[in-house]
Amino acid sequence: MAAEVSSPAGRAASADVPAPFTCPVCLEVFEKPIKVKCGHVFCTVCLQECLKPKIPVCGVCRSSLTPGIRALDLEKQIETTETTCRGCNQKMYLSKMRVHAASCSKYQNYVMEGIKAATRDQPPHTRDVPNRYTFPCPYCSEKNFDQEGLVEHCRKCHSMDTRQVVCPICAAMPWGDPNYMSANFMEHIHRRHRFSYDTFVDYDADEDAMMNEAVLRSLVDN
């Protein structure tokens, strides 16, 4: 039985592999698949990595993770299911796909073209987020200060102003309260805003992307 998918993926050994045969950790054809208590399946090596934390959880459903049992039925399907390399059109069993994909230059070119096409066709990603790079003065009508500029402006022009105001820097942050009034704004900005948040915080980073990157790096580092 031939197994094909219509869309190329970002990992060489998964682009032509149906989801039931793809490990959710390495995104390649299962190698010595293990089925865990929650019902999800992982490669043996991938599961060993997932079990390393003190409190391991399933990477798919986040339930408690324990050593599973060999998925012999799935392993048999992988050994008997055929697929065709989209690069060189060679037919093979899924169990041979990992090795072939690593050495087939035509297949690797096919995958890279798919990645380029997916990136090119992706619509612009816009989000309704506050401006976190320039700020208005809370005391006067001056605008478009960066964080250091706002601190310097307030120090020079409003150091004696005792009015309670909302800190525009804090209000623009994901954790900020736009209604909180600082009792002593001048002391606040000198204590809280001696450095720029954007030096340390990536406001535009996608949470899922960061999590995937952290998982991949942890696997490499181990």
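Strand β1 (residues 33-35) pairs with β2 in the antiparallel sense, over three bridges. Strands here are DSSP runs of E with at least two residues, helices are runs of H or I with at least four, and both are numbered from the N terminus; two strands count as paired if DSSP finds at least two bridges between them. Keep in mind that this is a predicted model, where local features need pLDDT of at least 70, side-chain atom pairs count only at pLDDT 80 or more, and totals for chains, interfaces and linings use all residues. Residues are numbered from 1 along each chain as its sequence is written, and side-chain values use heavy atoms, with hydrogens and water left out.

**The sheet**
- The order is β2-β1-β3, an open sheet of three strands with antiparallel pairing.
- β2 (41-43) and β3 (69-70) are the edge strands with a single partner each, so one side of each has no neighbour in the sheet.
- Across the β1/β2 pairing, Ile34 sits opposite Phe42 in β2.

**The annotated stretch**
- UniProt, in an unreviewed entry, puts "domain: RING-type" at residues 23-62; such annotations may be inferred rather than shown by experiment.
- That stretch, 23-62, is 18% helix and 15% strand, with its end C-alpha atoms 16 Å apart.

**The cores**
- The largest nonpolar core (buried Ala, Val, Leu, Ile, Met, Phe, Trp, Tyr and Cys joined through side-chain atoms within 4.5 Å) has 28 residues, and Cys23, Phe30, Leu74, Ile78 and Tyr107 touch the most other members.
- β2, α1 (44-50), α2 (72-80), α3 (97-103) and α4 (105-121) each chip in at least two residues of this core.
- Domain 1 (18-80) and domain 2 (82-121) each give this core at least three residues; the bounds come from an automatic or database domain assignment.
- Apart from this core there is another, of 16 residues, including Phe135, Cys154, Cys170 and Ala172.

**Two unusual phi values**
- Lys32, in the segment before β1, has a positive phi of about 55 degrees despite not being a glycine.
- Lys32 is partly exposed at 48% relative accessible area (buried is under 20%, exposed over 50%, partly exposed in between, with a 1.4 Å probe and protein chains only).
- Asn89, in the loop between β4 (82-84) and β5 (91-93), also has a positive phi, near 65 degrees, and is exposed at 57%.

**How far to trust it**
- Mean pLDDT (the predictor's confidence in each residue, from 0 to 100) is 76, and 70% of residues reach 70 or more.
- Among the elements, β1 has the highest mean (95) and helix α8 (residues 207-221) the lowest (53).
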